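This report is for a reader who is new to the structure shown below. It takes up the packing of some helices and then the contacts between chains.

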Amino acid sequence: MRILTILDRIDRRIVYLLLAVVVFVPLKWTIFSLPLPITPEVQSAYDTIQNMPKGKIAWISVVWGPGTQAENRTQMEVLVRHLFMKGVPFILMPWDQQGTKVAEKQVEDLAKELHKKEGVDWISIGYRPGYLMNIIKGSIINMNKTLGTDRHGTPLYEIPMTKGKTISNVGLLIETTPSGTLNDWISYLGQPLQVPIIYCPTAVMVPDGYNYVDTKQVAGMLPGLTGAAQYDELLHHTGFAQRGADALSMAHALVIALIIVGNVGYVLTRRQRGSA
Amino acid sequence: MILLANNLAFSLFVPQARPAVLAAYIGVCLALGIGFIFLLTAMPTRFRRPIVIATTFILGLFYFLEFMFPGRQMAPLRDRLAAAESGFRTAQQDLYAVVVQRNDVSARLAHAGQALNDAARSLDKAAEMIDRVKPDAEEQLRRAAEDASRWAKARGVPGKVLEFDAETGSISDIRTQTYRKRVGDLAKAAEGMSDARAAMEKAQSVSASTPPKEVDAIRGSLAAGADSLALARSNLSDNFLSPYTQPVGDVSVVIGAFALGLGIYGLAAVHAKAISGKRPGWLNSLAFYVAMIAMTLVGFLKDYLGKRPAQSLSESVYNILFYGALNALSATMFSLVAFYIVSAAYRAFRVKSGESALMMASAFLVMLSLVPFGVLITSGLPVHGWASIFRLENIGHWILLFPNAAAQRGMLFGIGVGGLAMALRVWLSLERGSYFDKEM
Amino acid sequence: MHQLASFIEQHSTAVILWVGAICTFAIYSVLYKENPYYRLAEHIFIGLASGLGIYMTWSDVLKPKWWDPMVGKGQWWWAFTVAAGAMFYFMYSKRNAWISRLIMGGMMGMGTGAAFQAFANTYFPMVTASFKAVVPTVLKAHIPRTEPGLGIDLALSNLLFIIVLITVMAYFFFSIDHRSRSMRGTASLGRWFLMFAFGAMFGSTVMARMALFIGRLDYLTTEWGPIVPLWLWMAAGGLLLLAIGFFLLRPRPPKKLDEQPAEEVVPVEPVAEGGAQAS
Amino acid sequence: MQHANLAVYILEGAMVFLILYKILSARAGRRLFIRRIPGLSAIDEAVGRATEMGRPLLFSPGIGGFNVVSLQALAILGHIISLVAKYRSRVIVPTIDPLVYTIAEEAARDAYEANGAPEAFNRDDILYLTGDQFAYASGVVGVLHREKVAGAFYFGDFFAEALILSENGQQVGAIQVAGTPQVTQVPFFIASCDYTIIGDEFYAASAYLSREPTLLGSLVGQDYSKAILLVLMVLGIAAATWLTITGFPSIEAALLRITTAFNG
């Protein structure tokens with residue numbers, strides 16, 4: 001019965017090692033991709049992009065830094081992939097100094113993969129410190145003047161993608177964020193101009209995010225990494241999102257298995273001691 | 001009251017632009033401060049405790065009174081806005097009923113129309129009031145600004161200092177600032193009211209034949225209108241202490257910042273002792289010193305070296321220390337929780353007692369409801385209808401929304417009252433315990 | 001010096017990645033046990049954070065709020081705050097320690113005076129949010145005024161919400177003995193609900209924490225990983241395997257497992273007293 | 001809300017009155033009953049055990065700034081330090097705020113002096129460990145392991161680092177007692193500490209430990225205040241339910257007015 005008593009007290013280091021393996025392996029190699037049920041808020045995010053009228057462009061707001069890139073970068077990745085596939089041009093707007101580099105590199109990689117060109121299919125305005133509300137309100141008056149130049153210093157009115165475009169051409173806002181910046185977008189852009197918003201919060205913020213989904217203040221939401229994985233499935237693509245969701249699933253499975261194992265060991269040990 | 005305090009501040013606190021005079025003034029201030037502290041050292045013991053008690057009480061009184069006094073100036077206008085807002089909210093509720101329940105629509109709509117008519121009357125009155133009050137406020141603002149500039153000229157204060165001041169809001173120009181805010185708030189209130197009125201007009205056109213989706217959209221804009229009225233109302237509620245909250249907050253933040261030296265001194269002393277005594281681990285203490293000095297140094301150098309090669313070097317070193325080391329250390333330390341949460345769950349969630357079994361059960365359900373493989377277990381159940389409540393994601397959502405939220409709220413009330421009582425005891429110096437009982 | 005400078009500037013991205021990876025491994029090593037690498041990382045961490053604290057206190061607080069107004073805009077009266085700040089340092093004086101208590105008392109006063117507004121803004125909305133109807137609207141004939149369409153499910157959920165709220169609050173009454181007849185059932189029910197809620201909070205946090213770990217792994221594999229030469233990967237893999245082997249085969253002192261199962265994990269026998277907590 | 005309204009005057013006024021009234025009557029000598037809080041009784045035991053084993057204790061006042069929560073944590077610390085000084089044992093206090101640090105140091109020095117052992121007080125045991133959340137956590141983890149603490153107390157504001165601290169304390173085999181007003185962290189303390197003080201037992205702790213009439217009176221006053229809130233909510237629930245049954249417009253209007261007043 002020794003084996004059963006061991007179940008009662010597995011060394012914590014073995015537990016840690018198990019966790020590391022269980023997360024690392026599905027993250028690195030696609031071993032299995034669990035089918036994901038698509039939740040309504042993700043489906044409506046997908047439909048929003050799918051039904052975007054021709055000639056509209058999208059704004060992508062990057063509020064995150066490297067700390068939450070596992071979730072936020074992945075959400076951005078799947079949405080950018082969809083925009084590229086649909087041929088919707090977009091402007092990348094990074095508000096975080098470190099996140100800027102990570103986000104731009106991600107978009108560059110995707111553009112290379114899908115043969116898209118900077119200046120035609122996408123631009124980035126580079127890191128912008130400053131008050132979000134002022135930039136939105138300024139853009140409503142004159143978008144190209146307020147946003148100024150792209151990350152290489154070319155004025156927006158000279159770039160083919162944005163030449164002659166105004167705020168009325170903006171047909172979508174994607175907010176990828178680990179903090180509470182959504183309200184500014186809703187009050188200054190989403191509600192007044194009826195621009196649909198796709199909200200991509202981190203897992204901790206998801207319960208709060210459902211409030212905005214219920215009130216239809218956001219058109220769709222990608223809840224954390226699992227939301228990104230569902231989106232990937234809608235795109236019939238297998239990428240980091242799917243692997244991350246697998247890793248999350250496996251980690252939870254490990255926790256649940258360990259709890260069961262621990263209880264089996266505990267009950268058996270107690271019974272053994274009781275009979276001895 | 002504002003006028004009195006402000007005139008006093010005006011004649012006492014004059015910004016000085018000429019460097020020599022400024023230096024002299026600052027010197028005198030420092031000397032006065034030292035003198036004040038010197039006086040305190042000579043204070044007889046029996047006065048010390050009463051002085052501390054009085055200081056605590058008076059400084060607490062500022063925020064207490066600032067909250068407790070309603071703003072008198074605009075009270076009738078606020079009442080009108082409140083009445084209009086309540087009409088909006090009533091109509092909004094009626095429209096909600098219309099959308100959700102399709103029976104008895106006409107009675108509901110009539111009720112909503114009644115509420116909106118009341119709201120419209122209140123809005124008219126409020127607009128009238130604003131029209132009446134606004135010229136006065138503008139006149140007061142103009143006079144305050146004139147006074148300020150005249151007074152500045154008389155005392156040789158360069159206009160630049162003063163003008164700059166008015167924007168950032170310092171104590172010397174609080175009167176102008178107060179009036180400017182009032183004029184701005186009135187304008188914003190008028191803007192909010194016109195937004196609300198537009199929503200209202202749309203709502204008044206709702207009839208029994210309007211499609212539910214449209215009614216729902218109108219309901220949403222009514223709610224937004226009510227919110228903007230509430231905002232306008234709260235903006236107009238400044239009392240005689242409100243303009244001073246910003247300067248008082250700044251002062252307390254600055255004074256608090258000076259206390260950092262205490263902590264850094266203590267930390268540095270511990271490690272200095274370790275190094276000088278060659279205690280075990282003294283090399284780590286050395287590493288602490290190197291890291292601290294390097295970080296402080298490159299932080300300042302990158303800001304104050306101007307455009308020199310050394311500046312760009314310190315910028316790169318700063319990036320390495322901040323993005324490379326500090327961020328990685330912080331993120332990794334945080335992510336340790338992932339490991340500990342597993343080992344804690346494994347160890348603690350045992351069927352040792354009813355309580356731990358219950359905790360385990362709810363953790364289990366919520367965890368399953370959040371991950372794809374858990375959701376798969378019950379994916380066979382229908383999405384709609386009564387059986388859907390047994391789908392795991394719905395169970396998890398329900399647990400978080402009802403029993404969990406209720407238990408948290410029950411705890412929070414106790415914590416809130418406990419905190420309020422503690423604050424009250426400290427404020428009135430009723431608190432007991434080692435630090436608070438000590439003789440001085 | 002110049003060479004060092006240009007080297008750092010040219011390779012700063014790589015240096016940042018390497019420093020980040022080394023720091024990550026040093027912190028993770030504490031999972032095995034506390035060791036000199038962790039200790040070094042910990043001291044550097046505290047050093048860097050204090051250094052940043054000093055720099056930020058100047059650049060975010062003292063410069064914009066104190067130095068700039070005082071020197072740049074001629075507001076000489078900010079010099080008084082120096083005296084106020086200096087009062088803290090009297091705590092090291094034996095005779096005049098009370099001066100530090102004066103300024104501490106002032107700071108405490110400011111914090112406590114604001115508590116009344118904080119209480120009203122935080123807890124008053126919670127009171128009205130708890131006004132929930134517990135009867136489904138299908139029970140009566142005419143139109144509901146508030147909460148239209150309150151179905152049986154929502155009504156039952158509301159009822160449960162209120163029962164949980166009341167019993168949990170009852171548990172936290174201190175001046176009533178829980179052993180008294182009126183309270184025994186209510187308070188212990190409240191405790192049960194509390195434990196259920198704690199489980200839910202625990203369960204809903206796991207995902208967010210795992211995502212943090214995935215984030216670190218992602219950093220190591222997709223950002224730092226590509227710049228690491230292959231031989232280093234192989235050497236590291238070999239070392240890891242060796243380490244695992246040593247751990248599994250390490251000599252262990254013989255133990256009587258069946259008699260004292262709690263000893264290995266918790267050297268101190270936990271104070272097992274009923275009702276204190278769940279574990 | 002920016003400024004108080006009638007609801008605030010009535011409700012907060014009643015609460016303040018009750019708390020002050022109970023404090024005064026307790027000071028006048030009325031005896032008051034307080035129920036048992038088991039976790040707090042364990043503090044004495046932990047201190048005793050640490051003394052027996054000749055190992056130090058650790059007290060963390062949390063990572064909050066200089067606020068009401070930290071002041072309450074310091075009040076609990078005062079009690080623990082005087083116990084420790086009585087036994088001539090050691091307690092290490094890592095802090096994150098300079099002001100909390102100074103008060104802790106003063107409290108410790110006084111406690112040792114009051115127990116006639118000023119030479120036993122070691123200034124290095126009261127630590128300031130930077131203002132950064134996770135740098136602080138890493139420092140406390142280091143102290144837990146290096147000093148092989150026999151008991152650890154966590155009282156104050158804790159956030160994500162709660163589990164990091166308590167799991168490491170668990171690893172070194174310390175008896176751990178924790179209490180925090182941050183409700184979301186309580187489950188993690190329950191999972192890895194021996195005793196956890198829940199909810200506003202945290203604010204009751206200093207009254208329970210010191211049996212000081214002022215604090216006991218305040219605690220009873222708090223009970224009355226909570227009772228007011230509870231009664232108010234029960235009335236509101238009854239009104240809302242009655243409204244769904246009868247649909248009286250007057251009830252609806254009254255509920256709407258109360259809700260508006262309470263939400264500013």
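In which hand of crossing, left-handed or right-handed, does helix 2 of chain C pass helix 8 of chain C? The crossing is left-handed, a word used when the near helix is turned anticlockwise from the far one by less than a right angle, with clockwise counting as right-handed.

This is a predicted model, in which local features need pLDDT of at least 70 and side-chain atom pairs count only at pLDDT 80 or more, while totals for chains, interfaces and linings use all residues. Residues are numbered from 1 along each chain as its sequence is written, and chains are lettered from A and ligands numbered from 1 in the order in which they are written.

Helices here are DSSP runs (H or I, at least four residues; strands are E, at least two), numbered from the N terminus. The table gives two packings of helix 2 of chain C, with axes fitted to C-alpha atoms over the stretch in contact and angles running from 0 to 180 degrees between N-to-C directions.

| Helix pair | Angle | Distance between axes |
|---|---|---|
| Helix 2 and helix 3 of chain C | about 120° | 8 Å |
| Helix 2 and helix 8 of chain C | about 145° | 11 Å |

Helix 2 and helix 3 of chain C are therefore oblique to each other, since angles under 35 degrees count as roughly parallel, over 145 as roughly antiparallel, 65 to 115 as roughly perpendicular and the rest as oblique. Residues are in contact if their C-beta atoms, placed from the backbone, lie within 7 Å, and in this sense Cys23(C), Ala26(C) and Ile27(C) of helix 2 meet Tyr37(C), Tyr38(C), Leu40(C) and Ala41(C) of helix 3.

Helix 8 of chain C covers residues 181-224, and because 1.5 Å a residue gives an expected span of 64 Å for its 44 residues, the 64 Å between its end C-alpha atoms agrees; the expected span is 1.5 Å times one less than the number of residues. Helix 8 of chain C also bends by about 30° at Val206(C), the bend being the angle between axes fitted to the seven residues ending there and the seven starting there.

Between chains, B and C share the most contacts of the five pairs of chains in contact. That contact takes 129 residues from chain B and 111 residues from chain C, and helix 12 (residues 309-348) of chain B supplies the largest share of the chain B side, 24 residues. Chains A and D, by comparison, are joined by no contact, and their closest C-alpha atoms lie 9 Å apart.

Note on methods: Contact = placed C-beta atoms within 7 Å.
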